[in-house]
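Reader: Could you take me through a close look at one helix-to-helix contact in this model, and then at one contact between chains? I would enjoy a connected account.

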6 protein chains.
Amino acid sequence: MKNIPIPDRIDRADNEPRELSITPNFLAHADGSVLICCGQTKVICTATIDENVPAFLKNQGRGWVTAEYGMLPASANGRMRREAAAGKQSGRTQEIQRLIGRSLRAVVDMEKLGSRQILIDCDVIQADGGTRTASISGAFVALSLAVNQLLARGVISENPIREAVAAISVGILNDRLLLDLDYPEDSACDADINVVMTASQQLVEIQGTAEGATFSMQQLNELISLAQKGIEQILAAQQQALADN
Amino acid sequence: MKNIPIPDRIDRADNEPRELSITPNFLAHADGSVLICCGQTKVICTATIDENVPAFLKNQGRGWVTAEYGMLPASANGRMRREAAAGKQSGRTQEIQRLIGRSLRAVVDMEKLGSRQILIDCDVIQADGGTRTASISGAFVALSLAVNQLLARGVISENPIREAVAAISVGILNDRLLLDLDYPEDSACDADINVVMTASQQLVEIQGTAEGATFSMQQLNELISLAQKGIEQILAAQQQALADN
Amino acid sequence: MKNIPIPDRIDRADNEPRELSITPNFLAHADGSVLICCGQTKVICTATIDENVPAFLKNQGRGWVTAEYGMLPASANGRMRREAAAGKQSGRTQEIQRLIGRSLRAVVDMEKLGSRQILIDCDVIQADGGTRTASISGAFVALSLAVNQLLARGVISENPIREAVAAISVGILNDRLLLDLDYPEDSACDADINVVMTASQQLVEIQGTAEGATFSMQQLNELISLAQKGIEQILAAQQQALADN
Amino acid sequence: MKNIPIPDRIDRADNEPRELSITPNFLAHADGSVLICCGQTKVICTATIDENVPAFLKNQGRGWVTAEYGMLPASANGRMRREAAAGKQSGRTQEIQRLIGRSLRAVVDMEKLGSRQILIDCDVIQADGGTRTASISGAFVALSLAVNQLLARGVISENPIREAVAAISVGILNDRLLLDLDYPEDSACDADINVVMTASQQLVEIQGTAEGATFSMQQLNELISLAQKGIEQILAAQQQALADN
Amino acid sequence: MKNIPIPDRIDRADNEPRELSITPNFLAHADGSVLICCGQTKVICTATIDENVPAFLKNQGRGWVTAEYGMLPASANGRMRREAAAGKQSGRTQEIQRLIGRSLRAVVDMEKLGSRQILIDCDVIQADGGTRTASISGAFVALSLAVNQLLARGVISENPIREAVAAISVGILNDRLLLDLDYPEDSACDADINVVMTASQQLVEIQGTAEGATFSMQQLNELISLAQKGIEQILAAQQQALADN
Amino acid sequence: MKNIPIPDRIDRADNEPRELSITPNFLAHADGSVLICCGQTKVICTATIDENVPAFLKNQGRGWVTAEYGMLPASANGRMRREAAAGKQSGRTQEIQRLIGRSLRAVVDMEKLGSRQILIDCDVIQADGGTRTASISGAFVALSLAVNQLLARGVISENPIREAVAAISVGILNDRLLLDLDYPEDSACDADINVVMTASQQLVEIQGTAEGATFSMQQLNELISLAQKGIEQILAAQQQALADN
């Protein structure tokens, strides 16, 4: 255990998520876009419709959803090197963008999407923990907005999105079970788990990592239950954002 | 001449700039940050203080200001390839970030800044022409905010910023002289000039380019006069943003 | 569900792992090395002691364990492009090598390791599913062999390895729960989970992914129990290999 | 102002350019080639006809002119790193080659050139200031030689070159206005401007930069007039080289 | 001369090669594969049939053979940086893989191979000198196994392999002429020559290098005769491996 | 055998080299420089003194000589891609520059050179076969000029160059033995050998390659004798160039 003294939460209970807002149509040019704010974490998520498909899907009548992720150099404490200047994306970046893509693909019917792909971009403009889960939750709304355009334009006739998907982090910090970690909590915690779940409470992805201390099966179950509670709130906010739009 | 039919401006005269807003302290972690909006063009500019200097300035007691520039992939019409994924910055990107750096260095006294550098990041989140000039105008405010921190903390005793600097574009479109081009105008115009000017009306940078048609000395002078008018308004907005802060 | 017709297992039950062998000291020059074979999957794992530490650990008296992963181009069906020739490691490669490093670090006391790092290399020479979990299980033995050298040479006085760690995959295929998937099963399954667990049955990493179909909490628990059974057998084989040595 | 003591010019007045020579057909294999020497600055410029066009011009019946620029590692004082070994072209290199390309395109009628491109290479073998302007002036002759081949072979029937183009630098050094700066002058000067102008005295590009001190509109006009005088001499030398050929 | 004290050979005479073994069909998925062991040097060589040809051979009815080479990071004493992580292959790697490709192409009739290529991979898992010559000798067997598959499947009707090819190193060490250098000998020797020769005793490649001391024509001839003796033994082992298969 | 009809030589016998010229001090800034012309092949060779040594020679009192090689994009028939733009040096380029470096190091006493390195650059401005051998022969003169400067400045007291070195190619073309191949001959020949030899007729490097047809030991000896004759003439031209200087 790291035993870093992290103070008790002041403005929320351990099992409460941070304040959440989702602003649809945040950018003028993308086919779908949102600004999602989870506490101090702010991510711009966009969806771009591309009538081409990757090479491995040519002539199959099926679509694809893929994602890219980035952080503004000054989005976090202590400027990070710009990946475009470094000439490559870090392992962390690639891991996150692969996770976002898989999470969204799990709720999309690729036959109904037809022979086109939707390119998701998640760009963190301010980071305070949970950027990958915020990206997934926000990207789902951007994806939905783009799909709504395809439906409205009559390009596709059936909605390829089977159900909503959202994500949140949970962690163990000195035996406390915490929902929706901010950056100081995330850095100090013994184990943290990112949970991606659908509206029907099925798991899509679960990534649990213990750098400091390991965790038991019982803790895993308690953490996932905690995550489920947080995800319900995000799913509601997603629906609200889509309804407002 | 390209003779592309660009309609007359509806909401402003040819010699009027676009609506401008500068929001200081837009991000939580950077030493200085603004969101600058010039019409539909929106750029996040940040300044990060770095107590190291580049190798060529080691042990000289002098500082440096340098800049990087990027665009979110979905910031413009038609998603661009993410430069971090492509593995390199385009020639255009490098040209722009070099211009931003030079423009700011022209108004900073490096001896007074002392042995440290200020790293500027300009990230375009929405693009509608004039992203490089908006970046310069916004970056000056971010730089000033970071310098104010150094002064407030007593790290430096004298303000190294000699005077304000701002930038705007002007162009010739079918014999009309236009101030502050938006993207359709910029794409259609015969020649366009980016002008970087100080509060004392001295030129810092002037970059005039004629892909379609060439331009005369007289036109150059008229265009620079037009730019000067626009820059005065930007300088006022910069001062207002710094005063509000 | 994908409903790809995968035949029943002939030579083992659904809850049985593949045949496992771990050959210690497989290479002459590395400080620790093994060849691990899980069915047709074969990975060379090596551990190299490096008396330097990464920059972020300078002068802290603490050590580090990090890992790299690769596949011979002809290790799998259909030659893959050599990553050294392509000029970069794929996202998948980076994701796997980060997982291996985290898994091993979870059981190492970095203070006891002292100011040095151990570099793990996992190179797949033949691939038939489960290369990342085989890499973790084999790398633990290579790491132990290298640590034993440090102890034998008197470089460190206390064993920094707290307990053993091993990994295995489990998956859901047409409602069957399968332990230790081979490649055809892995490609066809609806969801698969990689479980990294210690000798004391604590979880280190859990990565569950549903590209085809999502999975419930109950399925997750059944799968992890299945994995635990397989990991016990691997832990025994690791101890045997270390004892033989 | 930098106030570096640069001695007065000995062999020429402040408003005189350096000795200029243009040797046509300097290389055996290129479609057009020259060696241009401006004082101690020596650049090999070549033009290669390529019957392909860039992707964005496919099937439009229009051509293109593009340029690349490089310096031999030992061309300047103090060997520079070879860009091919470094694995990328510097920002400065990209900025210069984009400038050369734009300058030449401004005088070429792309419809008359037809569906082909001309690739310009400017390689500096000895550098003493003004390599980008020498490259433009020399490249125009190489381009003309290649175009003459197209005309002679009957591939095109009308000359696509509308008029000649040339370039020179001017600068302010301790209040002196200097034409055609050599390297010590260029390094010391307060502001320098590269002027690209056509035979009809129209401006194509103007790039003015003040790193040390800013400059006024009046100075800008005086400097451009000075440049115009120098460019007239270069235009004459270009015509002579083409006539000799 | 380096005069590094290298002890006399204990287990073999100066004109004897190291123990050699060639294990055919070492990997399950490649079209041809061997493990070749020359003393402590161990290389996995594979051959993959690819029904595409390089661009320069399109529509010519002729085939190609090309090779790639790599070393596991921990294959030699002192871990080397992984080339995939470094982002490029070293000059040494490229030189070796070009040599392997040329050596094999010299004995293949490309018309008889038809419009397809065979991709050779040589991956050193343990290095003790002579990895490039072992790679050539092993790759010939892997290539033959792949060709045999093409013949067995009736894809081609005539064997495109004209004759066998093998390679070995020879060197001068303190006036001793040595056959088949191991790593300590290779590092210490004054000159070393890699000889690639066919079954009909014709030379395919000869690469002689003197970093320490130069060598005479007479020495060259003696060394090549020595190499010829070693190559005869390798050719026999190759035939045995193919016959066993 | 390729049997490409290459006409008999008109202006020289099969055993005669091409016309050779070596112009010392070709560039103003390098510590040593030449332009070497072998027939239509023209290479600029420079030597730059660098008071730093590579990491592996730190604090050993010994020096180093290393080389880089490049070709202007338009130096050969059909423009090649610029390696700096491609972002990497080809395998051929790396092979050649490694050869040049080794060839020069073979005649330099690194203790006498002292703790510094000499960086050689060979840049082909016009290519007609034999660029690597011309580079070696020219680079030796550039190296000697730089060493002479070190001696003249009293930086070193003894000449570290033990003897001269030069290189030439020989080849077999339809049973004719040819000295100093031009490009059409080099492309057509059955085997070609690059020979690097010292003034005392010792071999430094020999690289023989048979893509088309193999060659016998007897042919090898005849070719090396032919090369020796050509190298004598180059050695004389080198001495003349150094004496003229």
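Author: Happily! In this predicted model, α2(C) brings C:Arg92, C:Glu95, C:Ile96, C:Leu99, C:Ile100, C:Ser103 and C:Leu104 to its meeting with α4(C). From α4(C), the residues that take part are C:Thr131, C:Arg132, C:Ser135, C:Ile136, C:Ala139, C:Phe140 and C:Leu143. Sorted by class, the contact of α2(C) with α4(C) has 8 nonpolar residues, along with 3 polar and 3 charged ones.

Now for the geometry of that pair. Helix α2 of chain C spans residues 91-105, and helix α4 of chain C covers residues 131-152. The two pack at an angle of about 40°, and their axes lie 10 Å apart. An angle over 35 degrees but under 65 is neither roughly parallel nor roughly perpendicular, so α2(C) and α4(C) count as oblique to each other. As for handedness, the crossing of α2(C) and α4(C) is right-handed.

Let us move on to the contact between chains. Chain E and chain F each give 30 residues to their contact. Between them, these chains bury about 2900 Å², with 45% of that area on carbon and sulfur atoms. On the chain E side, E:Glu95, E:Leu203 and E:Glu211 lose the most area to chain F, and together they make up 20% of what that side buries.

One of those residues is worth another look. E:Glu95 forms a salt bridge with F:Arg102, where the closest N and O atoms are 3.9 Å apart. In total, 4 salt bridges are counted between chain E and chain F.

Definitions and conventions. Residues numbered from 1 in each chain as written. Chains lettered and ligands numbered in written order. Predicted model: local features only at pLDDT ≥ 70, side-chain atom pairs only at ≥ 80, totals over all residues. Heavy atoms only, no water. Axes fitted to C-alpha atoms, helices over the stretch in contact; angles between N-to-C directions. Helix = DSSP H or I, 4+ residues; strand = E, 2+ residues; numbered from the N terminus. Parallel < 35°, antiparallel > 145°, perpendicular 65-115°, else oblique. Left-handed = near helix turned anticlockwise from the far one by under 90°. Contact = heavy atoms within 4.5 Å. Nonpolar A, V, L, I, M, F, W, Y, C, P; charged D, E, K, R; others polar. Buried area = accessible area lost by both parts, 1.4 Å probe. Salt bridge = Lys/Arg side-chain N within 4 Å of Asp/Glu carboxyl O.
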